[in-house]
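Work through the exercises below with the model open. Try each task before reading its solution.

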Amino acid sequence: MTGSTVRPPAYQQLADELRAEITSGRLQPGERLPPEPELCVKIGVSRSTVREALRLLASQHLIVTTRGVTGGSFVAHPDAGQLAEGLSTGFSLLAHSAGVGLADLLELRRALEVPAAGLAATRRSEAHLTELRGSMFDPSADDLETMLGAHSVFHRLIAKATGNPLFELVGRPVYQASYGEEVVAELPPDYWHRIDADHRELVDHLVARDAEGATRTATRHLDYIAAAASTPSGG
């Protein structure tokens with residue numbers, strides 16, 4: 001009928017209500033949701049509707065459900081890796097759309113990576129340094145796929161080393177999306193050697209807790225990527 005509004009299914013409405021309770025903080029991490037029978041009476045829906053709503057929230061990593069005498073559905077503790085999964089799909093779709101180009105991606109990376117490098121230099125732990133060293137690639141021996149993956153992991157670890165989970169949450173989908181290099185037909189012959197050198201220099205600044213040097217290297221790193229992407233090899 002013209003002008004009518006299609007109501008979402010009952011389980012979706014219930015999931016939306018519970019999600020609002022969780023995201024607003026009214027239900028805290030670790031807090032138990034009302035039992036299924038209580039939700040049925042409170043909301044006025046069937047048990048199957050409640051279970052479908054809970055399954056939806058669990059798939060979105062908002063709740064965890066346990067079995068047994070002390071079991072039930074509990075508000076999940078936030079995890080940057082899991083939360084970023086939801087962001088990654090939408091971010092990747094947008095990053096590959098006609099309205100978003102490499103320049104847009106690099107602009108966002110600059111807003112994230114430069115301050116993250118400075119924070120990581122002052123806050124990093126020895127464990128962070130170990131992880132960063134383990135993410136290095138060999139530009140003389142590794143193939144493109146390996147180097148692309150290592151490049152992505154390296155910058156995710158820099159975000160992690162800030163000690164601010166929001167950097168990790170926002171940064172992860174950025175580095176899981178198209179990174180730029182694979183859409184450029186011809187990169188300079190020494191491109192990956194330069195990327196590797198920048199990564200190693202950045203780690204040196206983190207070792208020395210040199211925030212100024214780290215932000216300077218991060219800025220130059222992105223300047224080089226932007227210039228290489230806009231200037232074909234031999235041009």
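Contact here means heavy atoms within 4.5 Å. Keep in mind that the model is predicted.

**Exercise 1. Check the length of helix α9 against its end-to-end distance.**

Solution.
- Step 1. Count the residues: α9 covers residues 191-207, which makes 17.
- Step 2. Get the expected span. The rise is 1.5 Å a residue, taken times one less than the number of residues. For α9 this gives 24 Å.
- Step 3. Compare. The end C-alpha atoms of α9 are 25 Å apart, which agrees.
- Step 4. Look just past the helix. Arg209 follows α9 and has a positive phi, near 55°.

**Exercise 2. Which residues of α9 are buried, and which helices do they pack against?**

Solution.
- Step 1. Apply the cut-off: buried means under 20% relative accessible area.
- Step 2. List the residues of α9 that pass. They are Tyr191, Trp192, Ile195, Asp196, Asp198, His199, Leu202, Val203, His205 and Leu206.
- Step 3. Recall helix geometry. An α-helix has 3.6 residues a turn, so residues three or four places apart point the same way.
- Step 4. Find the partners. The buried residues of α9 pack against α5 (102-123), α6 (126-134), α7 (144-161) and α10 (211-230).

**Exercise 3. Describe how strands β1 and β2 pair.**

Solution.
- Step 1. Set the direction. β1 (residues 63-66) runs antiparallel to β2, with 4 bridges between them.
- Step 2. Fix the register: Phe74 in β2 has Val64 opposite.
- Step 3. Inspect the turn. The hairpin leaves 5 residues between the strands, and Gly68 has a positive phi near 100°.
- Step 4. Sort the side directions of β2 (residues 72-75). Gly72 and Phe74 point one way, Ser73 and Val75 the other. Buried or exposed? All of these are buried.

**Exercise 4. Characterise the largest pocket and the second largest pocket.**

Solution.
- Step 1. Take the volumes. The largest pocket holds about 390 Å³; the second largest has about 210 Å³.
- Step 2. Locate the largest pocket. Of its 19 lining residues, Glu36, Leu54, Thr65, Arg67 and Ser73 lie nearest the centre.
- Step 3. Assign elements. α2 (36-43), α3 (47-59), β1 and β2 each supply at least two residues of this lining. α3 gives the most, with 5 residues.
- Step 4. Locate the second largest pocket. It has 13 lining residues, with Ile22, Leu62, Val75, Ala76 and Pro78 nearest its centre.
- Step 5. Tabulate the linings by class.

| Pocket | Nonpolar | Polar | Charged |
|---|---|---|---|
| Largest | 7 | 6 | 6 |
| Second largest | 8 | 5 | none |

Terms used
Residues are numbered from 1 along each chain as its sequence is written. This is a predicted model: local features need pLDDT of at least 70, side-chain atom pairs count only at pLDDT 80 or more; totals for chains, interfaces and linings use all residues. Side-chain values use heavy atoms; hydrogens and water are left out. Buried means under 20% relative accessible area, exposed over 50%, partly exposed in between (1.4 Å probe, protein chains only). Two strands pair if DSSP finds at least two bridges between them. On a 1 Å grid over the protein atoms alone, a cavity is a set of points where a 1.4 Å probe fits but cannot get out, and a pocket is an open set with protein on both sides within 12 Å along at least five of seven lines; lining residues have an atom within 4 Å of a point. Grid points are joined across faces, edges and corners, and a volume is the space filled by probe spheres set on the points. Ala, Val, Leu, Ile, Met, Phe, Trp, Tyr, Cys and Pro count as nonpolar, Asp, Glu, Lys and Arg as charged, and the others, Gly among them, as polar.
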